[in-house]
Amino acid sequence: MSITLTWTGHATWLIDTGAGTLLIDPFFDECPTASMKAAAVSCDAILVTHGHFDHVADLVAIAKRTRARVYCNWEISQWLGAQGIDAVQPMNIGGRTAVPGGTAKMEIAHHSSSLPDGTYGGNPAGWVLDVGRVRVYIAGDTSLFSDMARIGFPHDGRRIDVAILPIGDLFTMGPDDSLEAIRMLAPRIVLPNHYGTWPPIAQDAEAWAARVREAKLAEPRVLTPGESITVSTVAP
Ligand code: NI
Ligand code: MN
């Protein structure tokens, strides 16, 4: 079995699980590097890490048009409900739920989370997805934190196949801390995001990838917006 992850720019991903497409943190029309427009997106579910505009800017429009269920924290679910969106699965950190193609667990992230209109957005989060028999960890916007060792080596014994980490620095961890994160998470493959969208979070992703490779931490894959990667289950 395999899944296909497409980076559309910034922290936005389309994950084809083989049993439905998950959209992560919809930010298209105002994103300077986005590979597509919000109106062209099709998805079966939408997962939201936190309330900042660069993660929810196109959330309401896409949720209304596609009627895809939104998985998010309680506070963001209330904000969506006030805008007429009721296909929502509210949850909170530590919870796991079924999503098209598998399950999603909401994990901790160290960041903040106000919504674009100033509404309190609850706690920011990351996601651990078990989809198509592949485990994907989406850190969301976060600093390095020591629980990454627990996420990488959980009690169920399942290791991370793909980790998606921010490397932009300034608002999240930067390249140095991301290397420590990869050490703790020990994923097979690591994909960088949340960099290069605007000058303050510019990074040399190829230099970052060379450091990851040199330290033999994981297989880094630097995508360009619009590019996809297919990841297969490792045979048991
Ligand atoms: Ni943020
Ligand atoms: Mn952000």
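**Close-up 1. Strand β3 is covered on both of its faces.**
In this predicted model, Thr-21 and Leu-23 sit on one side of β3, while Leu-22 and Ile-24 sit on the other, and all of these residues are buried. Look next at the strands beside β3. Strand β2, made of residues 12-16, pairs with β3 in the antiparallel sense, over 4 bridges. One spot to find here is Trp-13, which stands opposite Ile-24 in β3. The hairpin of β2 and β3 has 4 residues between the strands, and Gly-18 in this hairpin takes a positive phi near 90 degrees. With β4, in contrast, β3 pairs in the parallel sense, and this pairing has 3 bridges. Here Leu-22 is the residue that stands opposite Ala-45 in β4.

**Close-up 2. Strands β3 and β4 belong to an open sheet of 7 strands.**
In what order do the 7 strands of the open sheet come? Reading across, you go β6-β5-β4-β3-β2-β1-β14, and the pairing is mixed. The edges are taken by β6 (88-91) and β14 (228-232). Each of these has a single partner strand, so one side of each is left without a neighbour in the sheet. On average, neighbouring strands of this sheet are turned by 20 degrees against each other, direction ignored.

**Close-up 3. Helices α2 and α3 meet the strands of the sheet.**
Start with strand β5 (residues 69-73), which runs parallel to β6 and is joined to it by 4 bridges. Along this pair, Asn-73 stands opposite Met-91 in β6. Helix α3, covering residues 74-81, packs on the sheet and touches both β5 and β6. The direction of α3 makes about 135 degrees with that of β5. Now find helix α2 (residues 59-66), which lies across β3 (21-24), β4 (45-47) and β5. Helix α2 runs at about 160 degrees to β4.

**Close-up 4. Strand β9 is sandwiched between pairing partners β8 and β10.**
How many residues of β9 are buried? The count is 7 of its 7 residues, so to speak a full house. Both faces are covered: one side holds Ala-125, Trp-127, Leu-129 and Val-131, and the other holds Gly-126, Val-128 and Asp-130. β8 and β9 pair in the antiparallel sense over 7 bridges, and Met-106 stands opposite Trp-127 in β9. β9 and β10 also pair in the antiparallel sense, over 5 bridges. In that pairing, Asp-130 stands opposite Arg-135 in β10. The hairpin of β9 and β10 has 2 residues between the strands, and here Gly-132 takes a positive phi near 55 degrees.

**Close-up 5. Three histidines and an aspartate hold the nickel ion (ligand 1).**The protein donors are His-50 (NE2), His-52 (ND1), His-111 (NE2) and Asp-141 (OD), lying 2.2 to 2.3 Å from the nickel ion. Why does the arrangement count as irregular? The 4 donor atoms subtend angles of 90 to 176 degrees around the nickel ion, which makes the arrangement irregular. Along the sequence, the donor residues are spaced H-x1-H-x58-H-x29-D. Two of them, His-111 and Asp-141, link distant parts of the chain, 30 residues apart. His-111 is in the loop between β8 (102-108) and β9 (125-131), while Asp-141 is in the loop between β10 (134-138) and α4 (148-152). His-111 is partly exposed, with a relative accessible area of 26%, whereas Asp-141 counts as buried at 3% relative accessibility.

**Close-up 6. The manganese ion (ligand 2) shares Asp-141 with the nickel ion (ligand 1).**
Which residues coordinate the manganese ion (ligand 2)? They are Asp-54 (OD), His-55 (NE2), Asp-141 (OD) and His-194 (NE2), at 2.1 to 2.2 Å. Follow these donors along the chain and you get the spacing D-H-x85-D-x52-H. Asp-141 bridges the two metal ions, which lie 3.1 Å apart. Asp-141 lies in the loop between β10 and α4, and His-194 in the loop between β12 (189-193) and α6 (205-214), so the pair ties together parts that are 53 residues apart in sequence. Are Asp-141 and His-194 buried or exposed? Both are buried.

Definitions and conventions. Residues numbered from 1 in each chain as written. Chains lettered and ligands numbered in written order. Predicted model: local features only at pLDDT ≥ 70, side-chain atom pairs only at ≥ 80, totals over all residues. Heavy atoms only, no water. Donors = N, O, S within 2.8 Å, 3.2 Å for Na, K, Ca; no water. Tetrahedral: all angles 85-135°; square planar, octahedral: opposite > 155°, others 65-115°. Buried < 20%, exposed > 50% of the residue type's maximum accessible area, 1.4 Å probe, protein only. Pairing = 2+ DSSP bridges. Axes fitted to C-alpha atoms, helices over the stretch in contact; angles between N-to-C directions. Contact = heavy atoms within 4.5 Å.
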